[in-house]
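Trainee: Can we go through this model together? I would like to start with charged pairs.

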Amino acid sequence: MIRTGTDYRESIRDGREIHVNGERVADVTTHPMFKPLVDIRARIFDMAHAPETAALMTVRGEGEVNAQANALPFSQSDWWAKRRATEAVLDAVGGVVTRVGDETVGEMWSLYDCAATLNEIDPQFAPNIAAHIARVVRADPFHVSANTDPKGDRSKTPAEQDPDMLLHVVRETDAGLVVRGAKFETAAAYANQAFTKPTIATWGEGALSPYAVGFICDLGTPGLKFICRTGFAGRAPAEDYPLSNRFDEIEALVIFDDVLIPWENVLFHRHVASAMAMRATLHRYSAFAFVQRSLKFADMLIGAALFNLRQTGLDRLQGVQEKLAQLACWREGIDAHLTSAIAMAERSPAGLMMPNQSLIYAGRVFAAGQMAAMMHLARELCGGQIGLTPDVAAFRAPETAPWLEKFYGINDEWQAEDRRKLLAFARDLLNSDYAGHRLTFELFAQSPPFAHLAAVYRNFDWDGPLDCVRQAAGLSERVMGTATRTCADSPASRWFATERAGP
């Protein structure tokens, strides 16, 4: 089945305990800081039913109609379909949202690939993985990912400080596990479920640890508390901050106050090796959606800068064109990594089609690593007026409006109101609290920058350059022995052997 927006809204009116600005939220679907994103998520559900978008947003199989984003990828054409669906969503809502469901569902596909390995470690939970993969496809929940703990003093192990700084199991019962701790997660307050798993941390010295636990958490479960950061929506007029008021995906510190996780929702438990296997390949699918959002963001930077330049004729200057070309190269580089990751897709251990791992992880580094510089470049091209332009109230007030009409109007094509809207858009894209938050989010959302590079290190084909130099330098075959070919830090290659898909 595929849900409607109404189905989704009703599903999160479950009495969950949500706090923001020191107050308890009565209805997350109508609260002004949450409503914009609830409405976007509801619209995505409705797009699966709308005649003009249903074909893009859904996939048919075995007599069912399912959401394209949730469907397991078995071919390159499946990835093209997913890419088109995401493009349709971002075009329809007119901006960039990340927690729309497809990125975090991809983490479950990585667990699907891990099933055989996890089964070898502890066979009791493997059936739960397959069951939840099928449930996501058929029940169409808004699925997110709970990953980051408060962590506390990271120079200490969990046993050396407050043990709740990392989520852990406090006891086992006949009904399931009881867990305690906290996780940060974007959109958790208005999602249905989360794949909750260990962060990148020290889980202890032994083979078993109460911190090595992964499960599906129903976000309406009693005992959960959502303490949210203050949202940007409603803090200033939407005419002045059009992005902040529409696309702020609010993060929450999700408190697990002795929360019961039914056994059927437990995906792995106690074995540190299970947590390591999961972490090694967590983003092998979800990195694609992450990078695709960066492509849309690049288009927004280029469009805002180019409009600002063409209205005043500055785009004719060679120095300006060089900077625009730099933005274009960044944008096209992101596109190239996405396209080539599909074209050179690889077959996963469980038989899924996954984006080429080296290319998609390199694309993630390329997109996120250059984002701050590209934002600064766009800021230069937009000019100082994005920081100087009065707010909409001044353009409406009788005493000031005529002067602003005079000084902000350029010609018949660019009159004051359109210039005001463009400058407000660029300000919110580049200079606002929301803009700074978005940049930090992109740097750390899937993992910190050093972990992005570590993923490239683990998945790059180092043997190719080694063979190149061996032949060019006339070295013997002996230099390509086991010590040379074995990567020093390759958990992915230790756990999985993959082969490249055919053309």
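Mentor: Arginine 13 is partly exposed, at 38% relative accessible area. Partly exposed lies between buried (under 20%) and exposed (over 50%), with a 1.4 Å probe and protein chains only. This is a predicted model: local features need pLDDT of at least 70, side-chain atom pairs count only at pLDDT 80 or more, and totals for chains, interfaces and linings use all residues. Residues are numbered from 1 along each chain as its sequence is written, and side-chain values use heavy atoms, without hydrogens and water.

Trainee: Which side chain meets arginine 13 in a salt bridge?

Mentor: A salt bridge puts a side-chain nitrogen of Lys or Arg within 4 Å of a carboxyl oxygen of Asp or Glu. Here the N to O distance is 2.5 Å. The partner is partly exposed, with a relative accessible area of 49%. It is glutamate 10.

Trainee: Aspartate 240 and arginine 427 also meet in a salt bridge. Are both buried or exposed?

Mentor: Their N to O distance is 3.8 Å. Aspartate 240 sits in the loop between strand 10 (224-228) and helix 7 (244-247), and arginine 427 in helix 15 (residues 416-430), so the pair ties together parts 187 residues apart in sequence. Helices (H or I, at least four residues) and strands (E, at least two) are DSSP runs, numbered from the N terminus. Both residues are buried.

Trainee: How far apart are the end C-alpha atoms of helix 16?

Mentor: Helix 16 has twelve residues (433-444). The expected span is 1.5 Å times one less than the number of residues. That gives 16 Å, which agrees with the end-to-end distance of 17 Å.
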